[in-house]
Every structure is written in C-alpha cells, then in structure tokens.
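Hi everyone, thanks for coming. I'd like to walk you through a structure that's probably new to most of you, so let's put it on the screen.

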There are 2 protein chains.
Amino acid sequence: MSLGHTLLGLLSYAPMTGYELKRVFDQSINHFWNAQMSQIYRELNNMETHGWLRSEIEKQDAKPDKRIYTITEAGNTAFLKWLEKFPAILHEPVRSDFLVRIFFASQLELPDLLYEIKRFLREQQETLSTLGNTDTVIKNYQQMIKAGTDKAFFWQLTLNMGIKHTKTSIEWAEECIKSIEERVKWQNEYKNTSH
Amino acid sequence: MSLGHTLLGLLSYAPMTGYELKRVFDQSINHFWNAQMSQIYRELNNMETHGWLRSEIEKQDAKPDKRIYTITEAGNTAFLKWLEKFPAILHEPVRSDFLVRIFFASQLELPDLLYEIKRFLREQQETLSTLGNTDTVIKNYQQMIKAGTDKAFFWQLTLNMGIKHTKTSIEWAEECIKSIEERVKWQNEYKNTSH
DNA sequence: GAATTCATGTAACTTGTTACATGATTTA
DNA sequence: TAAATCATGTAACAAGTTACATGAATTC
C-alpha cells in the first residue's frame, strides 16, 4: 500500500484534506509517484478504517465542507515501520508504452517515427525546464507545507534524480534522431542507385 | 491494453505459447515492461475472444500440452493501429517506491539510509553489466525469435535508453552517497563541539 | 457564456500482484 | 533430495483509470 504510506508521510508534516494532498502531490512527489483524486479518497477511507487517520469536518460558507485528515499515533507507527523497511529488491519495474512502440518500430515509417521522437524530445525539455528550477520548486514546497531545511535536503535528492533522468532522456532522443536520420539517408541512396 | 498489444507484437514475429512469450518478455522487453505469467494468460484469453488470436494444442509426451497462439488478420490490424497511434502525452508516470522513501528520509537515521543507497548502487551496477553486454543480448534475442537485422536496430535503441538510465542512476547514487557522508561528518562535528 | 477552482465523493472497469494447484523430468 | 524447468491455468485481492455527479464562486 505504497500510496497510502505516501499520504501518511505527507500527513506527518501537517493535517490536510484530500484535495490539498492532491495539490501537494502534484507539485512535489509527482515526478516519481502519481495518484488520481479518486484513488486518494479511497486510500484515505481505507486508512481511516485502519485507525491510521482521523478526520474532522470544517464548515465553510459558499464552498463545500472540508474533511481534514490528521494522522494518529498508530498511523505514525505504521508509516515509520514502512519507511524503515526498504524492499528486498530496490530496482523497480519500468513500464514504458513509448519504448514498446520503439521496440516494434520496424513496422513503422521512419518519418512518422522521427516525428514522435521529436515530440518526445520537446516534452522532456519542457519537463526539464520545470524540474530544473529547483530552488523555486523547493521554496514553493516549503511554503506549502511549512517545513524546515532538514527536509529540503532530501527533497533535493529526489529532484536531482528527476533532473538527471530527464536530461538522459533528452540525450537519448537527440542521439536517436541522429541515427534514424542517417538511416533515412541510406534508404534514399539505396533507392536512387538500385532503381 | 498495452500488455495485450505488446504480446500481439511478439506474436507478429512468430507463433508462440504463453510460456514462451513470458521467456521472450523477460529477455528483451523486460527492462521497459514486465508482466506476470498469470497476467499473460489472462490477456491471451481476452484477445482470443476478441478474435485477435487463435490457438492450437500440441500434444507432447512426458510434458504438458502446449497451446500455441497465432495472430490473426484482425489481430495484426489492431496491433498496427495501436502501434501507429502514439499517445497524446508521451511522458509516462513514474512510480518509485524507493524515491518516496528518499523523499521522507529526514525521518531515517543517515547510516541506515546510506546502507540502502549503497545497496541500490550495487543493484544498478549489476543491471548495467547485464544490459551493457548489448551485442550478446541482441544476438540471443535474434536467435530466440529468428528475426533480421532490421528489427535489431530498434531493439538497440531501447537498450540504449536502458543503459543510459541505469548509468544515470549509478551516477546519482554515487553523488548521493558523497553528500550524505558529508552531512554525517558535519553532524558528528556539531556533536563534538556543542557537547 | 464557458472554463476553472474549490471540495466532496461513488461506481464501474481495467490492470497488476500473490497465492495456489498439477505433475513429470532434469539438473545441482 | 531439493530445486528448477516445462506448461498450463484459476481465484482472490490490490491498485490504477475513467466517467459521472453536485454546486457555488470566480476568472477569462
């Protein structure tokens, strides 16, 4: 129940609503974990029945009521226990729809493939420009959850990983485009000489 | 239904049993997609009802019967349609349990954290030594499915991505270890001067 | 006037994981 | 003698996705 534990972790910083959890998620953890709103609400329900959280309703005028979740003692214990026990195999399964298509790309037209890889490249560059602005990201996040610099050190480590991997994807895409363009050239030359 | 389409792709190379599909998966696609046996059998069943595959049983003596799956015309069409239509957003959600723990590592003891990151580093180095032997990997795979060099070009591209990302993880872990070790030093110095 | 934000969720569905069952043969 | 390989699956459960519903207030 990794998502649940991640939510517990955030609630160990401060009590929050499901909606706020989603926002914090999207602005910090998002580059290495993600979750839909509906999934968050389900997890919160489960954990409340487990006794890891308790919730209070805060009335608001002109806006829907808020349900604010607070972590319990039991929740904290469960979180720490989870946090300390890293899985036996740290290497995580990757699932990339994109790479599956590259794998079978011999059945595609090279210009179409090039188009998609260029699109991929642009996307990664955009990601980099968001992640790359580390200081802003961390400051925003620090404000959002009112946490000290001791925490920021570790957030930085995860951001570093995100940035590095994004740069790697960019590098890959650039090399990829080059080698496919060469291939296109060869194919054209072959056409011209043999026909 | 990405897994289904991946299986279709493999069956477009040659008819295979579920068991063989699993083996091919583990030795080629595994570094960017993975699947359990039980999931493969379920997908195959689904696709057979869809009419994308058909299967024949081959009796064997002293071994269980084989059910050999062959892709149909409809299956081929469905596969190509899927292959050509890349998703609107190519950037894929990452889910890393490991990074979640790093994110919350301010609640861990630094020596314990260091131990886990070193373990991560070793794992990635092992992965690299498997993936890095590209020629062997591709040759094995080529034999396994009896495919030509036109396909190998694209397999190579996916392998390149895997290798690059693994190297990046190694680099990250090394830097990470350095900066945590410095942090440990500071903490010890602080202890010695203030107490 | 349409889209976005705030804030809650439910329901249906699809995927992914884990555990179990069978049973002979080969390798360590 | 224990384990791994070959080869099939089923069942139960956990997690992720998509679509829908409500409804006021604000921004474009």
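I'll take the two DNA strands in turn and look at the protein around each.

One thing to keep in mind: this is a predicted model.

Okay, DNA strand D. There are 22 residues around strand D, and Gln36(A), Ser38(A), Gln39(A), Arg42(A) and Gln60(B) come nearest. Of the strand D atoms within 4 Å of the protein, sugar and phosphate make up 63%. Bases do get touched, though: the side chain of Ser38(A) has an N or O atom 2.7 Å from a base oxygen of strand D. On the phosphate side, Tyr41(B) puts a side-chain N or O atom 2.8 Å from a phosphate oxygen, and Arg67(B) uses a backbone N or O atom, 2.9 Å from a phosphate oxygen. By class, we've got 9 nonpolar, 7 polar and 6 charged residues on this surface.

Now DNA strand C. Which residues come nearest here? Out of 23 around the strand, they're Tyr41(A), Gln60(A), Ser38(B), Gln39(B) and Arg42(B). Sugar or phosphate accounts for 64% of the strand C atoms within 4 Å of the protein, with bases making up the rest.

As for contacts, the side chain of Tyr41(A) has an N or O atom 2.8 Å from a phosphate oxygen of strand C, and for the side chain of Gln39(B) that distance is 2.4 Å. Arg95(A) goes for a sugar or linking oxygen instead, with a polar side-chain atom 3.1 Å away.

And which element gives the largest share of the surface near strand C? That's H3(A), with 4 residues.

Note on methods
Residues are numbered from 1 along each chain as its sequence is written. Chains are lettered from A and ligands numbered from 1 in the order in which they are written. This is a predicted model: local features need pLDDT of at least 70, side-chain atom pairs count only at pLDDT 80 or more; totals for chains, interfaces and linings use all residues. Side-chain values use heavy atoms; hydrogens and water are left out. A residue is near a molecule or strand if one of its heavy atoms lies within 4 Å of it. A polar contact is a pair of N or O atoms within 3.5 Å; within protein, one must be able to donate a hydrogen and the other to accept it, and residues adjacent in sequence count only if both atoms are side-chain atoms. Ala, Val, Leu, Ile, Met, Phe, Trp, Tyr, Cys and Pro count as nonpolar, Asp, Glu, Lys and Arg as charged, and the others, Gly among them, as polar. Helices (H or I, at least four residues) and strands (E, at least two) are DSSP runs, numbered from the N terminus.
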